[in-house]
Amino acid sequence: MTNSVHVDEKIIIGRMDSTPSSSQLSGLHEPDADKGAKPPRVYQVWKGNNKFFLGGRLIFGPDARSLTTTISMILAPIILFIAFVSKDLIQEFDQHLDKLVVALPMVLVCLVLLLLFLTSCTDPGIIPRNSRPPEPDDDTSNLSTDWTGYHNIPSLPLIKDVMVNGMVVKVKYCPTCMLYRPPRCSHCTLCNNCVERFDHHCPWVGQCIGKLNYRFFLQFVSLTSILCLYVLAFCCVNIHKIMNRHRLNLWGALLKSPASGILILYTFVAGWFVGGLTTFHLYLVLTNQTTYENFRYHYKRKMNPYNLGCLGNIREILFSKVHKSRINFRALAKVEDSPLVTPSMSMVSGHAMGPGNSKSNCDIEIDVRCNAGVQDSEDIMKDMHRFRG
Ligand SMILES: [Zn+2]
Ligand SMILES: [Zn+2]
């Protein structure tokens with residue numbers, strides 16, 4: 001796989017040009033239009049299952065309560081470690097190292113909790129819904145034969161074919177969001193949103209993992225693995241020191257420091273889980289796949305259209321420019337007088353994604369039958385500019 005990305009520009013660019021600006025997406029509304037009544041904000045009428053806090057500044061998934069379990073599972077062993085194990089270790093190390101033994105896990109756990117919070121309360125990359133189905137494309141040359149009509153619009157295809165990097169890929173229509181899904185996008189049934197570069201819905205974080213919060217998630221699982229290994233290693237050191245100091249066997253040392261024994265068992269099991277997860281995601285980063293793609297499409301190396309080589313993949317996923325949310329959840333919502341649109345739908349996205357703008361949703365979902373792939377429209381544009389020089 002080379003870095004070259006050759007795309008059917010007629011299809012891609014034609015829709016990219018009409019991508020709405022962030023101000024359009026915000027759905028700003030003139031207060032006068034409501035005759036004094038203050039219109040709701042976008043997050044108050046949002047059709048997805050998200051939970052919002054601080055006036056729409058924090059966007060959680062529907063199962064945000066699972067965060068309390070996750071936080072407890074992180075904090076409980078650290079409290080046990082600092083209260084019972086580190087005080088034994090302090091006696092074993094010199095004056096400077098003893099502070100480090102206690103301070104390091106405290107710093108690590110603060111970082112882990114911060115990253116958990118950022119992963120959970122960040123918009124994962126939700127695509128604004130359309131207020132009505134997009135207009136049928138006049139150009140039928142790219143339509144798949146596998147299509148049906150939606151919403152009494154018989155010419156609206158369910159799937160479209162798009163050429164990406166010389167390969168034919170399928171673009172799928174999302175009937176819930178009434179748009180063609182962006183590349184690598186999938187509709188999360190738990191959150192009821194289409195999410196860009198959808199990776200998976202994480203029950204531990206209670207949020208979708210997508211384009212905008214994947215880095216936080218990756219850092220969270222990586223640091224949690226390091227924290228697990230740290231606690232496991234120092235508990236083993238503590239047991240070893242107790243055995244030498246009191247001339248006890250392993251069982252005797254464990255009885256002398258039961259907290260060390262519990263933590264060794266706990267971190268060993270947890271370490272396998274988060275360590276395995278970290279390793280898996282590092283593999284996904286190196287091969288430029290999402291969890292969803294890995295499970296669904298089982299890319300062979302040469303077939304993955306996103307693969308830019310190890311360094312290219314790392315650069316793209318970890319060091320490329322951080323994108324902003326497509327939706328201003330705090331903006332005032334707008335109600336359209338359209339029979340096709342429910343008030344809440346129009347409030348959320350009608351302003352930005354009406355039928356006139358519907359083609360902006362250059363949305364592609366890979367169909368493995370095509371033996372091909374697609375690239376995020378923004379990335380495609382970026383790559384096209386890059387390779388044009
Ligand atoms: Zn959707
Ligand atoms: Zn979700």
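This report describes a predicted model of a single chain, from its overall make-up to some of its helices and one loop residue.

## Overall make-up

The chain, which comprises 389 residues, has 41% of them buried, and its secondary structure consists of 11 helices and 9 strands. Of the contacts in the chain with a separation of 6 or more, 71% are accounted for by residues 24 or more positions apart.

## Annotated transmembrane regions

According to an unreviewed UniProt entry, the annotation "transmembrane region" applies to residues 67-85, 100-119, 220-243 and 263-286. In the model, residues 220-243 are 100% helix and 0% strand, with 35 Å between the end C-alpha atoms; residues 263-286 are likewise 100% helix and 0% strand, and here the end C-alpha atoms lie 32 Å apart.

## Helix α5 and the residue after it

Helix α5 takes in residues 214-246, a run of 33 residues, and its first and last C-alpha atoms are separated by 48 Å, which is close to the 48 Å expected at 1.5 Å a residue. Just after α5 comes Arg247, whose phi is positive, at about 50 degrees.

## Lys47 in its loop

Lys47 belongs to the loop that runs between α2 (22-26) and β1 (51-53). Because 16 C-beta neighbours are found inside 10 Å of Lys47, this residue counts as partly exposed, a class that lies between the limits of 20 or more for buried and 12 or fewer for exposed. Although Lys47 and Cys191 are 144 residues apart along the chain, their C-alpha atoms are separated by 9.5 Å.

Key
Residues are numbered from 1 along each chain as its sequence is written. Chains are lettered from A and ligands numbered from 1 in the order in which they are written. This is a predicted model: local features need pLDDT of at least 70, side-chain atom pairs count only at pLDDT 80 or more; totals for chains, interfaces and linings use all residues. Helices (H or I, at least four residues) and strands (E, at least two) are DSSP runs, numbered from the N terminus. UniProt positions are given in the numbering used here, feature names are shortened, and annotations may be inferred rather than shown by experiment. The expected span of a helix is 1.5 Å times one less than its number of residues. Two residues are in contact if their C-beta atoms, placed from the backbone, lie within 7 Å.
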